[in-house]
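The following paragraphs lead through one protein model and its ligand. Please keep the sequence and the structure in view while reading.

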Amino acid sequence: MQSITILGATGSIGISTLDVIARHPDRYKVHALTAHSRVAELAALCERFQPQVAVTGSAGAAAELSRLLAAKGLAIEVGYGEAALCDAASAPECHVVMAAIVGAAGLAPALAAAHAGKKILLANKEALVMSGRLFMDAVAASGAQLLPIDSEHNAIFQCLPHDFGRAPQQHGIAKILLTASGGPFLKRAVDTLDAVTPDEAVAHPNWVMGRKISVDSATMMNKGLEVIEAHWLFGMPARQIEVVIHPQSVIHSMVSYVDGSVLAQLGNPDMRTPIAHALAYPDRIASGVAPVDLAEIAMLRFERPDFIRFPCLKLAYDALEAGGCAAALLNAANEVAVEAFLNGEIGFRMIDQLIARVMDALPAEPVSDIDALLEQDRRARSLALSFIQR
Ligand code: NAD
Ligand code: MG
């Protein structure tokens with residue numbers, strides 16, 4: 001029996017994870033569930049999954065949760081804040097950690113899981129994008145197991161040899177082909193993009209996801225973050241990671257080998273497939289996802305990405321090439337810009353402009369520890385905010 005901590009249990013990935021877990025009560029139980037502010041939802045999940053621990057974002061939310069749990073007659077330890085998240089992710093009773101908090105807020109608990117040598121199922125790409133080598137070093141030092149949940153990276157992982165060991169050159173791998181749907185604005189006239197509303201931007205054609213990643217998909221910053229994520233997960237240089245637009249999201253990504261073979265992983269666009277894959281790896285378990293009906297799909301389409309329509313993708317490649325803390329600056333500026341866009345404070349095209357200004361203004365200094373990294377993250381956030389308030 002594997003005991004699981006789900007960081008971000010009330011989110012889109014958290015709920016899909018619990019759906020898969022509920023199908024296999026003989027294999028999995030829940031150690032801890034965490035949520036930032038949706039206390040009533042967290043209480044309902046606690047009632048259903050009976051964790052030992054529940055964590056919220058604030059003392060007020062924790063008090064409210066304790067009250068709701070007491071009313072249900074549930075004896076569950078309640079904590080709040082970053083230290084409690086880190087404890088839930090590193091507790092000796094927990095074997096597996098689903099890292100599904102959105103954004104930089106997930107870095108500390110994901111790192112705590114890495115230091116504690118857990119099996120980490122990584123959905124929270126921002127944590128790896130920010131910390132890159134520091135995160136991979138923590139995983140290597142503790143012997144933690146890092147399995148990708150992002151559907152593209154999970155697909156790539158499935159198309160790589162088992163003994164891959166982050167050494168593409170030793171396995172005849174020519175390229176990673178990262179597929180991208182192109183989001184809701186793939187065909188919209190570029191000169192009308194500044195007028196798009198948050199509701200239009202979060203209406204993804206194929207996937208139902210949280211609001212931040214949905215906006216990232218509309219700007220294609222999501223794919224940019226995924227290029228950086230692929231670099232760290234698979235040890236692949238930027239020039240060997242190619243983005244291919246594939247609007248149907250049936251092929252989740254591919255690996256191209258030097259002999260001309262291209263291996264792909266296909267599936268319906270439902271995150272329960274990569275979640276079930278990573279949870280059970282190297283076994284296979286049912287996920288509840290319907291099989292692909294190829295005759296129904298009939299045709300798969302592909303095209304090259306357009307950096308003029310999607311400048312965020314270019315900014316992410318540039319950050320990866322620049323090295324140092326550039327990816328952390330990019331991520332921080334993006335988080336500030338996306339939140340401002342969702343709050344109606346800036347237009348859609350201001351997202352890429354704001355990130356470019358932050359990247360131009362701040363040098364990509366090397367960072368050798370997490371404190372230095374977080375200092376750079378703070379610098380980028382405050383500069384981005386100053387551009388919005390001006
Ligand atoms: P979501 O917004 O639906 O859920 C986010 C979760 O994080 C919630 O449980 C929320 O309570 C928690 N949270 C938010 N802010 C927090 C904070 N400051 N401190 C602690 N907890 C906080 O997001 P999502 O779509 O589930 O995405 C989660 C992560 O998974 C993101 O990094 C995203 O890029 C990645 N991801 C998601 C999908 C998807 O299909 N949804 C696919 C690939 C990768
Ligand atoms: Mg993805």
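Helices (H or I, at least four residues) and strands (E, at least two) are DSSP runs, numbered from the N terminus. In these terms Pro 282 is placed in the loop between α11 (272–280) and α12 (294–297), and the peptide bond leading to Pro 282 from Tyr 281 is cis, with omega near 5°. The model is predicted, so that local features need pLDDT of at least 70 and side-chain atom pairs count only at pLDDT 80 or more, whereas totals for chains, interfaces and linings use all residues. Residues are numbered from 1 along each chain as its sequence is written, chains are lettered from A and ligands numbered from 1 in the order in which they are written, and side-chain values use heavy atoms, with hydrogens and water left out.

Three domains divide the protein chain: domain 1 (2–148), domain 2 (151–269 + 302–307) and domain 3 (323–390). Their bounds come from an automatic or database domain assignment. The centres of domain 2 and domain 3, taken over C-alpha atoms, are separated by 22 Å. Between these two domains, 18 residues of domain 2 are in contact (heavy atoms within 4.5 Å) with 14 residues of domain 3.

Ligand 1 is surrounded by 21 residues, of which Thr 10, Ser 12, His 36, Glu 126 and Gly 210 come nearest; a residue is near a molecule or strand if one of its heavy atoms lies within 4 Å of it. Domain 1 and domain 2 each contribute at least three residues to this shell, and α1 (12–22) and α6 (125–142) each supply at least two. By class, the shell holds 11 nonpolar, 7 polar and 3 charged residues. Here Ala, Val, Leu, Ile, Met, Phe, Trp, Tyr, Cys and Pro count as nonpolar, Asp, Glu, Lys and Arg as charged, and the others, Gly among them, as polar.

Backbone atoms also approach the ligand. A polar backbone atom of His 36 is 2.8 Å from an oxygen atom of ligand 1, and a polar backbone atom of Gly 8 is 3.3 Å from an oxygen atom of ligand 1. For Gly 210, a backbone N or O atom lies 2.8 Å from an oxygen atom of the ligand. Ligand 1 taken alone exposes 830 Å², and the protein buries 86% of that; accessible areas come from the Shrake-Rupley method with a 1.4 Å probe, and for residues only the protein chains shown count as cover.

Is Glu 126, in helix α6, buried or exposed? Glu 126 counts as buried because its relative accessibility is 5%, where buried means under 20% relative accessible area, exposed over 50%, and partly exposed in between (1.4 Å probe, protein chains only). Beyond its neighbours within four places in sequence, Glu 126 contacts residues including Lys 212, Leu 225, Asn 331 and Glu 335. Ala 141 lies in helix α6 as well, yet Ala 141 is exposed, because its relative accessible area is 71%.

Two backbone conformations remain. Most residues other than glycine have a negative phi, and most peptide bonds are trans. Met 220, in the loop between α9 (211–219) and α10 (221–234), has a positive phi of about 70° and is buried at 2% relative accessibility. Arg 166, in the loop between α7 (151–159) and β8 (173–180), has a positive phi near 55° and is partly exposed at 37%.

Definitions and conventions:
Polar contact = N/O pair within 3.5 Å; in protein donor to acceptor, adjacent residues only side chain to side chain.
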